[in-house]
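Here is a short briefing to keep beside you while you look through the structure. Take it one topic at a time, and turn the view as you go.

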Amino acid sequence: MKHLKTAVFVLLMISGVNPAFAVNDDVLLSEKFPRTLSEYGFFEDAKAQQPSEGVLPYELISTLFSDYSKKQRWVYVPEGSHATYQRDWVFNFPVGSALIKTFYYPLDERDSDKGMNMMETRVLLRKDSGWEAVSYAWNENQTEANIKIAGKTINTSWIDEFGDIQQVRYRVPNKNQCKECHAANDQITPIGPKARNLNSIYPFIDGSKNQLTKWIDEEFIKEYPSDLLKTTDWKNVTASLDERARSYLDINCGHCHSPTGAANSTGLYLNLSETRKKHLGIYKKPVATGRGSGNLQYSIVPGKPEESIMLLRMLSTDPGVMMPESGRALTHTEAVKLIKDWISSM
Amino acid sequence: MKKILLLISAAILVLASTSAFSKDWRVGPSEDSQEQLQEALILIESGDVLHIEEGVYNLEDGLSLDVDDVTVQGAGMNKTILNFKKQLSGAQGFLVTSNKVTLKDFSIENAKGDALKVIGAEGIYMINLKTEWTGGPKSSNGAYGFYPVESSDVLIDGCVAIGASDAGIYVGQSKNIIVRNSTAQYNVAGIEIENSYYADVYDNLASHNTAGILVFDLPDLPQQGGHHVRVFRNQAINNDTDNFAPEGNIVGEVPRGTGIIIQANSHVEVFDNDIGGNGTVNLTIVTYGSETNDEGYYPHPKSIQVHGNRFGDGGFDPDLETGELASILFELSDGNMPDIFWDGILPLTQMLFGQPEDEKIVLGDNGDATFLTINPIKYMLPILDPVVTDYDSFRGEINPLDEIVIEGI
């Protein structure tokens, strides 16, 4: 028995596979999803969210609101292949790549040393046939995350930056809900890692660096154009109100509310490249909104946020009224203020 | 011999349950119904059938289906009940985003938003389903009962829709549609075909709604210019529920007691219907009334044919509170509301030089139905009487539209 173990170990060493702390490419590409997150080998120390060799953390300049949860992201590109730049879209990642995202709440936002409570880790896997999305929910001891095809509800709480306890009915999305946002032309796709959304400094373990430069160092990509469009961080108060609001609406609404998105039947388009006032919601009547209109006449009434359906639906937490339709149970107070100011300024 | 027989029957049983190509899934009511139903709806494969057994399922989150060519079947619309009274997330009760899906024999109650929404399906067959808000007509009810949108080959057959705060049965921006043998009651709009092409609406009962059957077209949308809609052998009767739509919605303008409304579509044929008991007006044909800068949008109805209908009482209790239609008509007709009303509004050139022959409204035999339209030029000059009630001047040859066929149905 011992001999067998040694033999396997030697075999693994010879074949160049590190038995511990390496991504298991076969599992990643297998037809069936593994039941547990650990089987992928993305993490050297899952509880501490310490990634394995070849798994690189990244950050996006502009991010989607998910009930105030924090997100930690990693990218994996198999050795010997690389992603290619696509204009106005996410990098085209090679087969065998993975995007990994852990959603968590700090136990106390005022003191990061107190640790965190992980909700779920979502993975996007680039297989032969295209991208597939699935989520793993963390167990109570935070030692393992288990597959949740049908989603899961986690009632939890955290202490916010003001020391107040916040409660949330956190929803781990089911496989279909992943697709509600992560779809273009009915195919699953990543939405975050566009070159312009990565063009920022990140504090890597071996020093701070521009993320795109780092990706070139790691041979995840070979090149990217120097004249990238600028992405505005909607929290950046030095940017113009219009840029911030449009950036927020783009990342939070634009994946459905665009001419090619799931909400295109509404005629309300909030993607960054939309310029037609009516389609941006200005004096636009609702189409099939029902009580989502809240007895108001238009999506946006310039200068009058209190008469604008857009703001009403961002404020609401009623599932029949609120927007976005999924991924939110709490009101994003800071964004409500931003959109309110934006509409007031029109 | 007995043994062999047993073996054979055992083999048949196995075949029946796996049936080589398709699989039967079963879910019954339990504490974990939410997860079991959703998991089955995700793991189900093309050709499979999911049976939802008799019982009431209390659900907190919307359900969704994204697998092609499957059947989801309950034990009957009054036996398998998906109840969303305690719904906490999801903008609809049930969402379908895949093709060639059959849904039959269950009911969706008290969804917080829409009851059944179908987006972008090629082939969606809704059979003997019910959507209902059980607390009666209320503006806090969800907008739509049945809501296929951007779909093609849409069948709604033997369904029941009750209590929607917009439309009970609503087909939007779709193509090749059949709505038949269905009942819509106590909704704002009973049955509504909007921005859609090629629809047959027949053998339905639309009663006790604010308005019975609507054929609408709206601007600023990906698909517009609705055309080729046949409305026949329906009963659009006794639509007498006060409008309870939340403001801002287009149907919020519709007066209580309207039988059938046609707005801004072309090639609509309304025939062999029973239309009566509608307190404002039995049948009205109108232009889209709000301002729009959409240059690709045509706001006027054209090529509308109305024949062979049986008109009952109408206009005996006009709703002058909602929208403008009823009060304008009341004033024009001196309170003597017609069975059929056309607002007469045309593009300016046509007002001056006349309408092309093939775009005119054609009235066939409709018993002793009364008719009223407005001459808009005279309307603008207050000295002249703009009211036209000469039915016979709108008589013409009927050119029947083609029947809608859905492949495999």
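The notes below start with the two chains and then move on to some of their parts.

This is a predicted model. Chain A has 346 residues and chain B has 409 residues, and the two chains touch through 34 residues from chain A and 36 residues from chain B. Below you will find the overall build of each chain, the contact between them, a sheet and a helix in chain A, and a run of parallel strands in chain B.

**Chain A as a whole**

- Chain A contains nine helices and 14 strands.
- The radius of gyration of chain A is 22 Å, which agrees with the value near 20 Å for a compact globule of 346 residues.
- If you lay the C-alpha trace of chain A along its principal axes, the trace spans about 75 × 45 × 35 Å.
- Buried residues make up 42% of the 346 in chain A.
- Looking at contacts in chain A between residues at least 6 apart in sequence, 48% of them join residues at least 24 apart.

**Chain B as a whole**

- Chain B contains five helices and 34 strands.
- For its 409 residues, a compact globule would have a radius of gyration near 22 Å, and the 24 Å of chain B agrees with that.
- The box filled by the C-alpha atoms of chain B, taken along the principal axes, is roughly 95 × 40 × 40 Å.
- In chain B, 52% of the 409 residues count as buried.
- Of the contacts in chain B between residues at least 6 apart in sequence, 63% join residues at least 24 apart.

**Where the chains meet**

- The contact draws on 34 residues of chain A and 36 residues of chain B.
- On the chain A side, β10 (165-172) and α3 (175-181) each supply at least two residues.
- The element that gives the most to this side of chain A is α3(A), with three residues.
- Sorted by class, the side of chain A that touches chain B has ten nonpolar, 14 polar and ten charged residues.

**The six-stranded sheet of chain A**

- Six strands of chain A form an open sheet with antiparallel pairing, in the order β3-β4-β5-β6-β7-β8.
- At the edges stand β3 (55-58) and β8 (145-147) of chain A; each has a single partner strand, so one side of each is left without a neighbour in the sheet.
- On average, neighbouring strands of this sheet are turned by 30 degrees against each other, with direction ignored.
- Seven bridges link strand β4 (residues 70-76) of chain A to strand β5 (residues 98-106) of chain A in the antiparallel sense, and here A:K70 has A:Y104 in β5(A) as its bridge partner.
- β5(A) and β6(A) also run antiparallel, joined by nine bridges; A:F103 stands opposite A:E120 in β6(A).
- On to the next pair: β6(A) and strand β7 (residues 130-138) of chain A share eight bridges in the antiparallel sense, with A:W131 in β7(A) as the bridge partner of A:R126.
- A hairpin of two residues makes the connection from β6(A) to β7(A).
- Strand β6 (residues 116-127) of chain A is largely enclosed by the rest of the structure, because nine of its twelve residues are buried.

**Helix α6 of chain A**

- Helix α6 (residues 241-253) of chain A has 13 residues and reaches 17 Å from its first C-alpha to its last, close to the 18 Å expected at 1.5 Å a residue.
- Is α6(A) mostly covered or mostly open? It is mostly covered, with ten of its 13 residues buried.
- Among the buried residues of α6(A) are A:R244, A:R246, A:D250, A:L249 and A:I251.
- The buried residues of α6(A) pack against α9 (333-345) of chain A.

**Parallel strands in chain B**

- Strand β25 (residues 258-263) of chain B is mostly covered, and six of its six residues are buried.
- Strand β22 (residues 211-216) of chain B pairs with β25(B) in the parallel sense over four bridges, and B:A211 has B:T258 in β25(B) as its bridge partner.
- β25(B) also runs parallel to strand β28 (residues 281-286) of chain B, with five bridges joining them.
- In that pairing, the bridge partner of B:T258 is B:V281 in β28(B).

Notes: Residues numbered from 1 in each chain as written. Chains lettered and ligands numbered in written order. Predicted model: local features only at pLDDT ≥ 70, side-chain atom pairs only at ≥ 80, totals over all residues. Pairing = 2+ DSSP bridges. Axes fitted to C-alpha atoms, helices over the stretch in contact; angles between N-to-C directions. Expected span 1.5 Å × (residues − 1). Buried ≥ 20, exposed ≤ 12 C-beta atoms within 10 Å, placed from the backbone. Contact = placed C-beta atoms within 7 Å. Rg over C-alpha atoms; globule rule 2.2 N^0.38 Å. Nonpolar A, V, L, I, M, F, W, Y, C, P; charged D, E, K, R; others polar.
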